[in-house]
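Below is a short briefing on one protein model. Please look at the sequence and the structure first, then read the notes by topic.

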Amino acid sequence: MADDVVLLRRRNDSGVFGPERELVFFDEPILSERLLQIRRVQLWAPHDDRLGRLPKIIGQMQNLTSLTISGGSSEPSLVSEIRDGDLPESLEELRLFDEHGRVLTWPKVVLPRLTTLFVSDVFRFDVSEFPRLRSVSLKLDRTEANLREALRLPLDELNVLNVSLDERIFQIVSARPLRRLGLLSGTKLASLDGIQALPTLESLRLKNLRALCDLSALRDLPELAQLDIQYCRKIQGIEVLGELTSLEQLTLVGCGDLGLAGLQGVIDRIPLTTIGATS
């Protein structure tokens, strides 16, 4: 028996998942011994039969470390209806894929061991509810209040989904000595000026930033070991790669003609490279 399962209703078993995924039906009896074996859960329901509440048996999975709620599987009320005991204290990773385009507000439920949180929409919370959080991925609210709240935590990693700020974002996130930063989708960020305020960065992901042009500030990141740039089609100054002496992993995908031919010697010295639809 697998410790990584898809959790769903029996009536929703329509062959969506292949034989490699084990299905567990929460509306049928499950042995308590089996519940204790489960460590990773993907909660799923079809769009026309969404879940309004978390299944009660999730709270009985005392060794559960990871919960993913699939996109389109939940009603807007699901998160707001979570109560103490609905989630086990063992939970370390929570991933919420919401398709309602709204603001999710976490109820006053403490997850004492949660270290990783991903929310695909705007998310508001209080740091007291996730005291051990180290990695956060979220969309900003209009005043960036949720970002500033997240930065009150001792984060190692921050991923901003749909970057709604220009270069001011670097000044804001410099409140925390991050090791990993992702800026994923946006139309306002034109350069990386200000990223110098994050000298401890080891990993940087830049994806779908439609206005991003200037990469020159990368030279001021002495610890940068991983650089991942995808679908940023306006970027210039790729020769800065020659100055990133600590770089160990490089990904360039969907960035068009950057003039990489003149940097082949630099690229060959990087231990791990992934380059696609980029030249």
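Is cysteine 232 buried or exposed? Cysteine 232 is buried, with a relative accessible area of 0%. The model is predicted. The notes below cover the cysteine pair, strand β9 with its two partner strands, and the surroundings of leucine 8.

**Cysteines**

- The relative accessible area of cysteine 255 is 1%, so cysteine 255 counts as buried, the cut-off being under 20%.
- For the sulfur of cysteine 232, the closest cysteine sulfur is that of cysteine 255, at 5.5 Å.
- The reverse also holds: the sulfur of cysteine 255 has its closest cysteine sulfur in cysteine 232, 5.5 Å away.
- A disulfide requires the two sulfur atoms to be within 2.5 Å, and the 5.5 Å between cysteine 232 and cysteine 255 is therefore too far for a bond.
- The structure contains zero disulfides.

**Strand β9 and its neighbours**

- Strand β9 spans residues 157-163, and six of its seven residues are buried, so the rest of the structure largely encloses this strand.
- Strand β8, residues 135-139, pairs with β9 in the parallel sense, over five bridges.
- Within this pairing, serine 137 stands opposite asparagine 159 of β9.
- Between β8 and β9 the chain passes through helix α2, residues 145-150, in a right-handed β-α-β crossover.
- β9 also pairs in the parallel sense with strand β10, residues 180-186, over six bridges.
- Here leucine 158 is placed opposite leucine 181, which belongs to β10.
- Helix α3, residues 168-173, joins β9 and β10 in a β-α-β unit that is right-handed.

**Leucine 8**

- Leucine 8 is part of strand β1, which covers residues 4-8.
- With a relative accessible area of 0%, leucine 8 is buried.
- Leaving aside residues up to four places away in sequence, leucine 8 touches Asp13, Leu23, Val24, Phe25, Phe26, Asp27 and Trp44.
- One of these contacts, phenylalanine 26, is 18 residues from leucine 8 in sequence, while the C-alpha to C-alpha distance between the two is 6.1 Å.

Technical notes: Residues are numbered from 1 along each chain as its sequence is written. This is a predicted model: local features need pLDDT of at least 70, side-chain atom pairs count only at pLDDT 80 or more; totals for chains, interfaces and linings use all residues. Side-chain values use heavy atoms; hydrogens and water are left out. Buried means under 20% relative accessible area, exposed over 50%, partly exposed in between (1.4 Å probe, protein chains only). Helices (H or I, at least four residues) and strands (E, at least two) are DSSP runs, numbered from the N terminus. Two strands pair if DSSP finds at least two bridges between them. A crossover is right-handed if, with the strands pointing away from the viewer, the path from the first strand over the helix to the second runs clockwise. Contact means heavy atoms within 4.5 Å.
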